[in-house]
Amino acid sequence: MNSLLLDSHVLLWALDGSDRLGPRTRAHLLTPGRTAYVSAATTWELQIKRGLGKLVCAEDLEQQIAEAGFAELPIRHRHTQALERITLAHRDPFDRMLLTQALLEGLTFLTADRTLLETSWSFVLDAEQ
């Protein structure tokens, strides 16, 4: 398996040490030499939800991400130019960006979102396993 890209809820679970992360996912996250990325789209989404009062998360999220050893994945022009390659029934712009980034960067995308897991994309894995 290659490097990983964490969905927003997977990031929060990892930071909190949640038991919702499955044993396979924990093993992937702990594999030496494997990079786990957090997209700028994820922190953007979380800060929007936090500002709207829909989510409680740490104000020092960037620091927590760095301390956990996760790498930052910026949104690049080529990511935005390739968005049409990903179509979703629920049209969530953050999910589309994350999937596009995973596709273009050759990353395995960890999520527990059933809508995304029911797609045919082989690079999408269930974080609860």
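Strand 1 and strand 4 run parallel to each other and are joined by three bridges. I start there because the rest of the sheet can be laid out around that pair; keep in mind throughout that this is a predicted model. Within the pairing, leucine 5 sits across from phenylalanine 109 of strand 4.

Now the whole sheet. The sheet is open, has five strands in the order 3-2-1-4-5, and its pairing is parallel. Strand 3, residues 71-73, and strand 5 are at the edges; each has a single partner strand, so one side of each has no neighbour in the sheet. From one strand to the next the twist averages 40 degrees.

Going towards one edge, strand 2, residues 36-39, pairs with strand 3 in the parallel sense, over three bridges. There, valine 38 is opposite glutamate 72 of strand 3. Two helices pack on the sheet. Helix 2, residues 23-30, touches strand 1 (4-6), strand 2, strand 4 (108-111) and strand 5, and its direction makes about 125 degrees with that of strand 5. Helix 3 touches strand 1, strand 2 and strand 3, and its direction makes about 50 degrees with that of strand 2.

Going towards the other edge, strand 4 and strand 5 pair in the parallel sense, again with three bridges. Threonine 111 is opposite aspartate 126 of strand 5 in that pairing.

Next, the side chains of strand 4. Which residues of strand 4 point one way, and which the other way? Thr108 and Leu110 go one way, Phe109 and Thr111 go the other way, and all are buried.

Threonine 111 deserves a slide of its own. This residue lies in strand 4, and its relative accessibility is 0%, so it counts as buried. What does its side chain make a polar contact with? The partner is the side chain of aspartate 7, at 2.6 Å. Setting aside residues up to four places away in sequence, threonine 111 touches Asp7, His9, Val10, Leu116, Leu117, Val124, Leu125, Asp126 and Ala127.

On to the nonpolar cores. The largest has 18 residues, and the members that touch the most others are Leu6, Val10, Leu11, Val38, Ile65, Phe70 and Leu110. Strand 1, helix 1 (8-16), strand 2 and helix 4 (61-67) each supply at least two residues of this core. Helix 1 gives the most, with four residues. Take leucine 11 as an example: not counting neighbours within four places in sequence, leucine 11 is in contact with Leu6, Val38, Thr42, Leu46, Ile65 and Phe70. Another core, of 14 residues, lies apart from the largest one, and includes Leu5, Phe94, Phe109 and Val124.

Last topic, charges. Side chains of opposite charge can pair when their charged atoms come close. With a cut-off of 4 Å between nitrogen and oxygen, the count is six salt bridges. I will go through three examples.

In one of them, lysine 49 pairs with glutamate 45, with 3.2 Å between the closest N and O atoms. Where do these residues sit relative to each other? They are four residues apart in helix 3, residues 40-51, so about one helical turn separates them. Lysine 49 counts as partly exposed because its relative accessibility is 35%. Glutamate 45, at 6%, counts as buried.

Another salt bridge joins the side chains of arginine 114 and aspartate 126, at 3.2 Å from N to O. This pair links distant parts of the chain, with arginine 114 in helix 7 (residues 114-117) and aspartate 126 in strand 5 (residues 124-126), twelve residues apart. Arginine 114 has a relative accessible area of 42%, so it is partly exposed. Aspartate 126 is buried, with 11%. Aspartate 126 is also the residue opposite threonine 111 in the sheet.

Arginine 114 forms a salt bridge with glutamate 128 too, where the closest N and O atoms are 3.1 Å apart. Glutamate 128 is in the segment after strand 5 and arginine 114 is in helix 7, so this pair ties together parts 14 residues apart in sequence. At 30% relative accessibility, glutamate 128 is classed as partly exposed. Which residues are joined into one network by salt bridges that share partners? They are Arg20, Arg114, Asp126 and Glu128.

That is the end of my slides.

Conventions. Residues numbered from 1 in each chain as written. Predicted model: local features only at pLDDT ≥ 70, side-chain atom pairs only at ≥ 80, totals over all residues. Heavy atoms only, no water. Buried < 20%, exposed > 50% of the residue type's maximum accessible area, 1.4 Å probe, protein only. Pairing = 2+ DSSP bridges. Axes fitted to C-alpha atoms, helices over the stretch in contact; angles between N-to-C directions. Contact = heavy atoms within 4.5 Å. Polar contact = N/O pair within 3.5 Å; in protein donor to acceptor, adjacent residues only side chain to side chain. Core = buried A, V, L, I, M, F, W, Y, C linked by side-chain atoms within 4.5 Å.
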